[in-house]
Amino acid sequence: MRAEPVADTPHLALGEGPVWDTAARRLHWIGIPDRRVLTLDPSDGRVTVTELDVVPGALMTGPDGPPVLATERGFELLDFATGRTELLAPVEADRPDRRMNDGGRDPYGRPVAGTMLRSEPWEPGPLYRLERDGTVRPVLDGLSVPNGIAWPEPDRLWHIDSPTRRIDLYEYPEHGPVGRRIRSLDVSHLPGLPDGMCLDADGNLWVAFWGGAAVHCLSTDGAVLATVELPVPRATSCAFGGPDLRTLWITTARTPEHPLSGALFACRPAGATGAVGGGTGIGPGLD
């Protein structure tokens with residue numbers, strides 16, 4: 001199976017974090033150093049670009065609240081019409097060498113995102129959650145490059161720390177920090193590093209591999225069930241969308257040697273349907 005580029009979508013330095021807006025029937029994704037939020041209307045192929053004055057790491061939309069960005073400053077409200085942001089809560093304000101990276105809304109509607117250094121060597125840091133009272137709480141520590149994040153059940157969390165080359169399943173209580181690690185899927189035999197991911201309706205994980213030129217569908221025990229090939233090496237994240245939730249949208253990062261790199265790609269994997277609500281946030285990349 002091979003994904004094809006979506007016509008007339010901008011080629012971004014680091015395209016990331018696709019998320020399907022069910023109510024608006026639009027796909028949103030971000031450009032991290034590009035400082036953009038992009039919106040695709042699949043009915044006519046029109047792309048709207050929202051310019052930002054801040055580096056985004058993740059975009060979280062959904063019925064549980066207004067659009068929230070995880071940025072280099074912290075958690076921020078986003079006004080799509082103007083591109084203006086409003087800081088809800090700073091995160092690591094004393095660390096300008098770090099930025100927020102991966103994120104999603106948890107099953108209780110709270111934004112969750114990790115932080116990372118802007119360049120190597122990687123330094124461990126936390127996954128943060130914006131609580132309902134407006135405070136920010138670290139809920140999981142020791143992450144170098146926090147990426148793919150998904151909740152298969154309200155009390156379970158799949159999470160990727162890319163350099164480990166594994167996907168971890170944790171207990172996720174409604175209150176308090178992330179619980180014990182239940183199991184890990186070792187993906188070190190696959191080319192590249194695991195980056196962003198989403199879930200399908202059967203609970204399988206669709207994982208973009210940075211440097212691997214592919215998205216692999218994995219069962220919950222780690223078996224490779226399907227592979228979507230890309231003509232560019234840096235797949236960054238993926239999300240199911242479209243009116244029937246059967247289109248897999250894939251973001252990529254630009255490389256000088258590959259003319260299509262940085263574009264948005266899409267395919268329709270046979271028999272696969274996205275989980276209602278996506279089962280996930282977004283998984284920004286490694287640069």
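Which residue in S19 is the bridge partner of Met197? I looked this up before anything else, keeping in mind that the model is predicted, and I found that Met197 has Val207 as its bridge partner in S19.

**Entry 1, the sheet around S19.** I followed that pair outward and noted that S18 and S19 are joined by 5 bridges in the antiparallel sense. The two strands belong to an open sheet of 4 strands, which I read in the order S18-S19-S20-S21 with antiparallel pairing. Strand S18 (193–199) and strand S21 (224–229) are at the edges with a single partner strand each, so one side of each has no neighbour in the sheet. From one strand to the next I recorded an average twist of 25°. As a reminder to myself, strands of a sheet pair through backbone hydrogen bonds, either parallel or antiparallel.

**Entry 2, the nonpolar cores.** I then turned to the largest nonpolar core, which has 18 residues, and I listed Trp206, Val215, Val228, Leu248 and Ile250 as those with the most contacts inside it. At least two residues of this core come from each of strand S19 (205–210), strand S20 (214–218), strand S22 (235–241), strand S23 (247–252) and strand S24 (265–267), and S22 gives the most, with 3 residues. I also noted a second, separate core of 15 residues, with Leu169, Leu190, Val207 and Leu218 among its members; Val207 is thus the residue I had met as the bridge partner of Met197.

For Ile250 I set aside the neighbours within four places in sequence and looked up the remaining contacts, which include Ala3, Val215, Val228, Leu230 and Phe265. Ala235, Ser237 and Cys238 are also in contact with Ile250, as are Ala263 and Leu264.

**Entry 3, aromatic pairs.** How many aromatic pairs does a search of the whole structure find? I found 2. In one, Trp151 and Tyr172 are edge-to-face, with 5.7 Å centre to centre and 75° between the planes. Trp151 lies in strand S14 (residues 146–153), whereas Tyr172 lies in the loop between strand S16 (166–171) and strand S17 (181–186), so the pair ties together parts that are 21 residues apart in sequence. Both Trp151 and Tyr172 are buried.

The other pair is Trp206 with Phe240, whose ring centres are 5.4 Å apart and whose planes stand at 90°, so I entered this pair as edge-to-face too. Trp206 is in strand S19 and Phe240 in strand S22, 34 residues apart, so that distant parts of the chain are linked. I checked burial against the cut-off of under 20% relative accessible area: Trp206 counts as buried because its relative accessibility is 3%, and Phe240 counts as buried at 7%.

**Entry 4, strand S11.** Is strand S11 enclosed or open to its surroundings? I found that 7 of the 7 residues of strand S11 (residues 111–117) are buried, so the strand is largely enclosed by the rest of the structure. Its faces are both covered, with Pro111, Ala113, Thr115 and Leu117 buried on one side and Val112, Gly114 and Met116 buried on the other.

I then traced the partners of S11. Strand S10 (residues 98–105) runs antiparallel to S11 and is joined to it by 6 bridges, and Arg99 stands opposite Met116. S10 and S11 make a hairpin with 5 residues between them, and in the turn I noted a positive phi of about 85° at Gly109. Strand S12 (residues 125–130) is also antiparallel to S11, with 3 bridges between the two, and Val112 has Arg129 in S12 as its bridge partner.

Technical notes:
Residues numbered from 1 in each chain as written. Predicted model: local features only at pLDDT ≥ 70, side-chain atom pairs only at ≥ 80, totals over all residues. Heavy atoms only, no water. Core = buried A, V, L, I, M, F, W, Y, C linked by side-chain atoms within 4.5 Å. Buried < 20%, exposed > 50% of the residue type's maximum accessible area, 1.4 Å probe, protein only. Contact = heavy atoms within 4.5 Å. Pairing = 2+ DSSP bridges. Axes fitted to C-alpha atoms, helices over the stretch in contact; angles between N-to-C directions. Phe/Tyr/Trp six-rings, centres within 6.5 Å; stacked < 30°, edge-to-face > 60°.
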